[in-house]
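I opened this model to look up its overall form, its cores and a handful of single residues. My entries follow in the order in which I made them.

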Amino acid sequence: MRRPMRPVAPQKDGPLSNEDIASPDVQLIDAEGENRGIVNTRAALAEAQEQGLDLVLISPNAQPPVAKMLDLGRFKYAAQKKAAEARKKQKVIEVKEVQLRPNIDTHDYETKMKAVQRFLDDGDRVKVTMRFRGREMAHQELGMQLLIKVKDMMEPVAKVESQPRSEGRQMVMVLAPK
């Protein structure tokens with residue numbers, strides 16, 4: 001006879017707390033931040049519950065582990081707010097792509113360079129791709145000259161992250177803002 005599937009216990013996120021602490025002794029820090037020294041885990045837990053607080057492992061890899069008496073709900077809330085603030089401040093750098101052909105007209109080239117300039121000003125990296133079709137493959141030096149021209153033109157505002165290199169039917173160069 002087959003046994004029924006047991007539900008998997010939910011994984012706890014965050015630091016170990018209260019009964020989850022397996023160590024027999026902990027280095028105890030009380031609610032005021034005072035170091036109490038090495039204390040039996042059960043005694044520390046009883047004292048924390050007496051004060052209406054939780055016993056939370058701050059440094060589980062220390063010998064003995066460091067535990068602090070604090071309000072776990074408030075601690076998790078503060079950590080969540082700090083993480084949200086860090087996410088809000090971080091800037092996601094995108095890679096924008098500009099595609100060129102070796103026989104591009106001057107006005108089209110200037111328009112593409114304005115786009116490259118705008119992307120770099122926004123703080124994004126720019127991948128400049130030179131596409132070759134058909135007989136253009138016989139004159140790859142024209143594409144290389146055009147990519148070098150782009151590199152020289154963008155030198156005041158960008159640094160070359162990867163030099164122009166050939167990848168099959170295209171040449172690729174990556175520029176990053178200075």
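The notes below go from the whole chain to its annotated spans, its cores and then single residues.

**Entry 1: whole chain**

I note at the outset that the model is predicted. I counted secondary structure and got four helices and eight strands. Read along the sequence, I get the order β-β-α-β-β-α-β-α-β-α-β-β.

I then looked up the radius of gyration, which is 30 Å, against a value near 16 Å for a compact globule of 178 residues. The box around the C-alpha atoms, taken along the principal axes, is roughly 80 × 55 × 25 Å.

For burial I have 31% of the 178 residues. The exposed surface is about 12,400 Å², and carbon and sulfur atoms supply 51% of that area. Among contacts with a separation of 6 or more, 55% join residues 24 or more positions apart.

**Entry 2: annotated spans**

I checked UniProt for domains. The unreviewed entry gives "domain: Translation initiation factor 3 N-terminal" for residues 18-86. In the model I find this span to be 36% helix and 32% strand, with its end C-alpha atoms 29 Å apart.

The unreviewed entry also lists "domain: Translation initiation factor 3 C-terminal", at residues 93-178. I get 36% helix and 36% strand there, and 13 Å between the end C-alpha atoms.

**Entry 3: nonpolar cores**

Which residues touch the most other members of the largest nonpolar core? I find Val116, Val128, Val150, Met154 and Leu175, out of 20 residues in that core. At least two core residues come from each of strand E5 (95-100), helix H3 (106-121), strand E6 (125-131), helix H4 (140-154) and strand E8 (170-177). H3 gives the largest share, with six residues.

I took Val150 as a sample member. Beyond its neighbours within four places in sequence, Val150 is in contact with Leu100, Tyr109, Met113, Val128, Met173 and Leu175.

I also logged a second core, separate from the one above, with 12 residues. Leu45, Leu53, Leu57 and Ala67 are among its members.

**Entry 4: Asp54 and Asn18**

I looked up Asp54 and found it in strand E3 (residues 54-59). What does the side chain of Asp54 reach? I find the backbone nitrogen of Leu72, at 3.0 Å. With sequence neighbours within four places left aside, the contacts of Asp54 are Asn18, Ala48, Lys68, Met69, Leu70, Asp71 and Leu72.

I followed the contact to Asn18. The C-alpha atoms of Asp54 and Asn18 are 6.1 Å apart, across 36 residues of sequence. Asn18 sits in the segment before E1. I flagged its backbone: Asn18 is not a glycine, yet its phi is positive, about 45°. Is Asn18 buried or exposed? I put Asn18 down as buried, because its relative accessibility is 14% and the cut-off for buried is under 20%.

**Entry 5: Pro64**

I checked the peptide bond from Gln63 to Pro64 and recorded it as cis, with omega near -5°. Pro64 belongs to the loop between E3 and strand E4 (66-70).

**Entry 6: Glu136**

I located Glu136 in the loop between E6 and H4. Why does Glu136 count as buried? I get a relative accessibility of 16% for Glu136, so it counts as buried.

I then listed the polar partners of its side chain. The side chain of Glu136 makes a polar contact with the side chain of Arg101 at 2.6 Å. A polar atom of the Glu136 side chain also lies 2.9 Å from the backbone nitrogen of Arg133. Leaving aside neighbours within four places in sequence, I have Glu136 in contact with Arg101, Pro102, Asn103 and Arg131.

**Entry 7: Pro7**

I ended with Pro7, in the segment before strand E1 (25-29). Pro7 counts as exposed because its relative accessibility is 77%. I also took the distance from Pro7 to Ser162: their C-alpha atoms are 51 Å apart, and 155 residues separate them in sequence.

Note on methods:
Residues are numbered from 1 along each chain as its sequence is written. This is a predicted model: local features need pLDDT of at least 70, side-chain atom pairs count only at pLDDT 80 or more; totals for chains, interfaces and linings use all residues. Side-chain values use heavy atoms; hydrogens and water are left out. A nonpolar core is a set of buried Ala, Val, Leu, Ile, Met, Phe, Trp, Tyr and Cys residues joined through side-chain atoms within 4.5 Å. Buried means under 20% relative accessible area, exposed over 50%, partly exposed in between (1.4 Å probe, protein chains only). Contact means heavy atoms within 4.5 Å. UniProt positions are given in the numbering used here, feature names are shortened, and annotations may be inferred rather than shown by experiment. The radius of gyration is taken over C-alpha atoms; the globule rule is 2.2 Å times the number of residues to the power 0.38. Accessible areas come from the Shrake-Rupley method with a 1.4 Å probe; for residues, only the protein chains shown count as cover. A polar contact is a pair of N or O atoms within 3.5 Å; within protein, one must be able to donate a hydrogen and the other to accept it, and residues adjacent in sequence count only if both atoms are side-chain atoms.
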